[in-house]
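Here is a friendly walk through a protein model for someone meeting it for the first time. Take a look at the sequence and the structure, and then we can go through some of the details together.

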Amino acid sequence: MTLTPLASNNALDDDPRRYAHLSTIRLEDPDAIARAAKARRRHPGLKYGKQNFIVAADHPARGALAVGSDPVAMADRRQLLDRLQIALANPDVDGVLASPDIMDDLLLLGALEGKLVFGSMNRGGLAGLVNEFDDRFTGHTAAALEALGADGGKMLTRICLGDPDTVVTLEATAKAIDSLAERKLIAMVEPFLSVRENGRVRNDLSTDAVIKSIAIAEGLGSTSAYTWMKLPVVANMERVMAATTMPTVLLGGDPDSSQDEVFASWQAALALPGVQGLTVGRTLLYPAGGDVAGAVATAASLLNHTTPNRTEEVSE
């Protein structure tokens, strides 16, 4: 059974039964997920110069439910699915990055027709976990993503020079990159240099730290043919993008500045060579003021949607 996606508007349905269909399908016909994946119309394909817009929704699987000052903003699965459907209904949104549970819901809802699909692979480094840097691969596998007809998988790669668990994550990431590459699937690697302060993990967003994380991450695996970077927008993005030749998508994170300032920083970074687009979640799904469709439309307007003419002009 396939449900009709929500219209692209700001109305969030408050009927508690609106997703009861999903529970019924999961109970009576769990194979419907695989059938929906097989029947899904695929994205027409990636093109040089045409930037892509991917909505991220894999935070809850790592126990990261907070948005801004609300510690449980992403806890209500019905509201999250509402917001995802509003975002995905925008034709300028190319796809989704999601954990298996959310991906399966979206497949049953028919919300991924013609979209790029990226699975979230390592969610074992739970937010606040005592061994958070041992970020086990507990989500999608490369084999599962291939079976789903996905375009690739994403892996969070936090590098803490003072924590021995880091090497475990690096090794697992390298193996995942190889497993994806064997299937010609994209490995979207999200690296950070990170530290633990007062029992909490903090990502170092200084320019030099981001550059160092790139240098380490892009050398993982036996091939980089299918590797992309997923990077934060930080100061001196020109230097950051000079550190890699790999296609790069920008992440949004949980911003501590105004929405206008965030959009302006994205716009400047999107103009740099090598930037393939945005992969953003909480910033757009839970925007200040609650206008999901408006926030998504504004972000979409920042991207280049036109494939450039690469034919070289012959001078006379």
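Helices α2 and α4 cross in a left-handed way. In this predicted model, helix α2 (residues 32-39) packs on α4 at an angle of about 70°, and their axes are 9 Å apart. That makes α2 roughly perpendicular to α4, because angles from 65 to 115 degrees count as such. Which residues meet here? On the α2 side they are Ala32, Ile33, Ala36 and Ala37, and on the α4 side Asp104, Leu107 and Leu108.

Helix α4 (residues 100-108) also packs against α3, this time at an angle of about 60° and with the axes 11 Å apart. That makes α3 oblique to α4, and the crossing between α3 and α4 is right-handed. From α3, the residues Arg77, Leu80, Leu81, Leu84 and Leu88 meet Asp101, Ile102, Asp105 and Leu106 of α4.

The two packings can be set side by side:

| Helix pair | Angle | Axis separation |
|---|---|---|
| α2 and α4 | about 70° | 9 Å |
| α3 and α4 | about 60° | 11 Å |

How much of α4 is covered? Of its 9 residues, 7 are buried, so the helix is mostly covered. The buried ones are Ile102, Met103, Asp104, Asp105, Leu106, Leu107 and Leu108. Just after α4 comes Gly110, which takes a positive phi of about 70°.

Back in α3, which spans residues 77-88, you will find Arg83. Is Arg83 buried or exposed? Arg83 is buried, with a relative accessible area of 11%, which puts it under the 20% cut-off. Its C-alpha atom is separated by 14 Å from that of Val67, and the two residues are 16 apart along the chain.

Next, the nonpolar cores. The largest one holds 80 residues, and those that touch the most other members are Phe53, Leu106, Trp266, Leu278 and Leu284. Leu106 is also one of the α4 residues that face α3. What does Phe53 touch, leaving aside its neighbours within four places in sequence? Its contacts are Asp92, Val93, Asp94, Gly95, Leu278, Leu284, Val296, Ala299, Ala300 and Leu303. There is also a second, separate core of 9 residues, with Ile186, Met188, Trp228 and Val249 among them.

Now for the aromatic rings. How many aromatic pairs does a search of the whole structure find? It finds 2. One is formed by Phe118 and Trp228, whose ring centres are 6.0 Å apart and whose planes stand at 45°, so this pair is tilted. It links distant parts of the chain, since Phe118 sits in strand β3 (residues 116-120) and Trp228 in strand β7 (residues 227-232), 110 residues apart. Phe118 and Trp228 are both buried.

The rings of Phe263 and Trp266 make up another pair, with centres 5.4 Å apart and planes at 70°, so this pair is edge-to-face. Both residues belong to helix α9 (residues 259-270), where being 3 residues apart separates them by about one helical turn. An α-helix has 3.6 residues a turn, so residues three or four places apart point the same way. Phe263 is buried, at a relative accessible area of 7%, and Trp266 counts as buried too, at 2%.

Helix α6 (residues 166-182) is home to Leu180. With a relative accessible area of 0%, Leu180 is buried. Where does Ala142 lie relative to Leu180? The two are 38 residues apart in sequence, yet 5.3 Å apart in space from C-alpha to C-alpha. Beyond its neighbours within four places in sequence, Leu180 is in contact with Met121, Ala142, Leu145, Gly153, Met155, Leu185, Ile186 and Ala187. Of these, Ile186 also appears in the second core.

To finish, here are two loop residues. Lys184 lies in the loop between α6 and β5 (186-197) and has a positive phi of about 60° although it is not a glycine. Lys184 is exposed, with a relative accessible area of 61%. Asn198, in the loop between β5 and β6 (200-204), is not a glycine either, and its phi is positive at about 55°. Asn198 is exposed as well, with a relative accessible area of 82%.

How values were computed: Residues numbered from 1 in each chain as written. Predicted model: local features only at pLDDT ≥ 70, side-chain atom pairs only at ≥ 80, totals over all residues. Heavy atoms only, no water. Phe/Tyr/Trp six-rings, centres within 6.5 Å; stacked < 30°, edge-to-face > 60°. Helix = DSSP H or I, 4+ residues; strand = E, 2+ residues; numbered from the N terminus. Buried < 20%, exposed > 50% of the residue type's maximum accessible area, 1.4 Å probe, protein only. Core = buried A, V, L, I, M, F, W, Y, C linked by side-chain atoms within 4.5 Å. Contact = heavy atoms within 4.5 Å. Axes fitted to C-alpha atoms, helices over the stretch in contact; angles between N-to-C directions. Parallel < 35°, antiparallel > 145°, perpendicular 65-115°, else oblique. Left-handed = near helix turned anticlockwise from the far one by under 90°.
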